[in-house]
Amino acid sequence: MDFTKLFELVVSSALINNFVFTMFLGLCIFFGVSKKMETAVGMSITFTAVMVVSAALSWVVFEFIMRPLDLTFLKIIVFIGIVAAFVQSADTIMKKVSPALYYKLGVYLALITTNCIIIAVPLKNAGEHYNFFESMAFGLGSGLGFGLALIIMASIREKLEVADVPAPFRGLPISFILAGLIALAFTGFSGLITL
Amino acid sequence: MSLQPKSNWELIKNGMFGENTIFRMAISLCPSIAVTNGMKNGMALGIAVVFVQTMVNATISLMRNFIHPKIRIPIFMLVIAGYVTIIDLLMATYARPIYKEIGLYIQIIVAFASIFARAEVFASKNKVWSSICDGFGMGVGFLLAMLVISFFRELLGKGELFGYSIIAGNPLLIMILPAGGFLAVGLLMGFFNWVDMKYFGGKGASGV
């Protein structure tokens with residue numbers, strides 16, 4: 001196992017190919033929960049955890065069931081099914097085992113199924129032929145990158161509450177422009193690592 | 001949804017303007033930025049969405065009396081995923097060059113909030129024909145939004161439209177960069193809010 005490669009994969013998926021700022025996925029959630037720091041942090045933790053596990057699960061199903069049976073054309077249906085089933089069961093288990101944690105993070109779990117990143121990561125893993133550990137590293141990096149984006153955005157939007165924004169731009173439009181400026185900053189990371 | 005039944009044309013119009021997915025409801029935003037750096041890509045994804053949205057609405061509406069409410073979410077997901085697979089395979093075969101650029105985003109249609117929302121809010125409660133109209137209107141509304149955004153981005157960022165050069169000289173490179181997508185959507189959204197406030201007395205988009 002090549003640890004440098006894995007580390008590079010984590011860094012590149014978190015910073016250089018950040019899902020939010022360079023691939024534009026997960027925007028609905030990104031704009032939805034970045035209003036407050038607290039929700040942003042909760043979402044990032046839950047999301048990263050779900051991301052890693054679902055990347056691993058889909059890799060196993062893809063390599064050991066779908067590829068031998070020549071069912072790879074069904075990958076969209078199968079991956080969304082895996083993610084939905086995993087999120088649903090995580091929800092149920094958490095409620096039973098740790099109600100305190102569920103009370104804090106349960107809300108975000110339900111939201112995760114509508115996040116495009118969660119389906120994009122298994123699809124990309126399958127497309128790039130990553131091995132098991134690479135898939136997990138990619139999932140971890142993507143989760144961290146999404147968390148980073150959420151936290152940056154939340155900290156700016158909290159300040160924005162008191163700013164004097166022109167009426168038509170209040171709410172979403174100004175957030176988009178903000179995200180554009182952050183994305184511009186993130187282009188600075190390109191070329192940090194060449195894979 | 002309002003209680004009195006709407007005519008089919010009203011349903012289509014509502015989807016196109018009144019509840020425009022991107023500018024008014026602000027959902028399914030990911031592709032609005034990802035594939036709008038050229039009008040060709042924007043249009044391809046828009047057409048894919050029109051197809052999926054219409055077919056999903058029609059199917060869900062046909063099955064609405066057989067689906068148990070408790071398991072409706074997985075069933076909706078499967079129906080959507082089925083149609084997305086169809087359009088994905090079709091585009092991979094017949095529109096290879098475009099598919100290479102936007103293939104991932106075609107597959108991502110499966111996680112679109114707007115398609116799921118219409119199936120849940122409208123198609124599972126209404127007759128087939130009005131569901132088809134509603135889905136078509138929503139899809140076309142999405143297509144229009146994609147065309148508007150990509151029009152500005154391609155024109156300003158490359159000086160081209162559909163790949164034909166229109167303006168000579170140095171284009172604004174930032175508009176086709178990722179950052180430009182956010183800026184374009186933000187500015188357009190602000191502009192539509194402004195028009196709505198000034199001429200129609202609205203309160204602007206139901207911003208998050």
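User: Helices (H or I, at least four residues) and strands (E, at least two) are DSSP runs, numbered from the N terminus. How many of each does chain B have?

Analyst: Chain B has nine helices and two strands. One caution first. This is a predicted model, where local features need pLDDT of at least 70 and side-chain atom pairs count only at pLDDT 80 or more, while totals for chains, interfaces and linings use all residues. Residues are numbered from 1 along each chain as its sequence is written, and chains are lettered from A and ligands numbered from 1 in written order.

User: In what order do the elements of chain B run?

Analyst: Starting at the N terminus, they go α-α-α-α-α-α-α-α-β-β-α.

User: And what does the C-alpha trace of chain B span?

Analyst: About 60 × 45 × 25 Å along its principal axes.

User: How much of chain B is buried?

Analyst: Buried residues are 49% of the 208 residues in chain B. A buried residue has 20 or more other C-beta atoms within 10 Å of its own; 12 or fewer is exposed, and in between is partly exposed, with C-beta atoms placed from the backbone.

User: What share of chain B's contacts links residues 24 or more positions apart?

Analyst: 74%, counting the contacts with a separation of 6 or more. A contact needs two C-beta atoms, placed from the backbone, within 7 Å.

User: New topic. Where do H1(B) and H8(B) sit in the sequence, and how do they pack?

Analyst: H1(B) covers residues 8-18 and H8(B) covers residues 128-158. They pack at about 30 degrees, and their axes are 7 Å apart. Axes are lines fitted to C-alpha atoms, for helices over the stretch in contact; angles run from 0 to 180 degrees between N-to-C directions.

User: What does that make H1(B) and H8(B) to each other?

Analyst: Roughly parallel, therefore. That word covers angles under 35 degrees; over 145 is roughly antiparallel, 65 to 115 roughly perpendicular, and the rest oblique.

User: Which residues make that contact?

Analyst: From H1(B), they include B:Asn8, B:Leu11, B:Ile12 and B:Phe17. From H8(B), they include B:Trp129, B:Ser130, B:Cys133 and B:Leu144.

User: Tell me about B:Asn8. Which helix is B:Asn8 in?

Analyst: B:Asn8 lies in helix H1 of chain B.

User: Why does B:Asn8 count as partly exposed?

Analyst: Because B:Asn8 has 15 C-beta neighbours inside 10 Å.

User: What is B:Asn8 in contact with, leaving aside neighbours within four places in sequence?

Analyst: B:Trp129, B:Ser130 and B:Cys133. As for B:Asn126, its C-alpha atom is 12 Å from that of B:Asn8, though the two residues are 118 apart along the chain.

User: Switching to chain A. How do H3(A) and H6(A) pack?

Analyst: H3(A), residues 37-66, packs against H6(A), residues 116-128, at about 40 degrees. Their axes are 9 Å apart. So H3(A) is oblique to H6(A).

User: Which residues of H3(A) and H6(A) touch?

Analyst: On H3(A), they include A:Val50, A:Met51, A:Trp59 and A:Phe62. On H6(A), the contact is made by A:Ile118, A:Val121, A:Pro122, A:Asn125 and A:Ala126.

User: Last one: the two chains. How many residues does each chain put into the contact?

Analyst: Chain B puts in 38 residues and chain A puts in 36 residues.

User: Which helices of chain B each supply at least two residues to the side that touches chain A?

Analyst: H3 (30-34), H5 (72-94), H6 (96-108) and H9 (178-199) of chain B.

User: Which gives the most?

Analyst: H9(B), with 12 residues.
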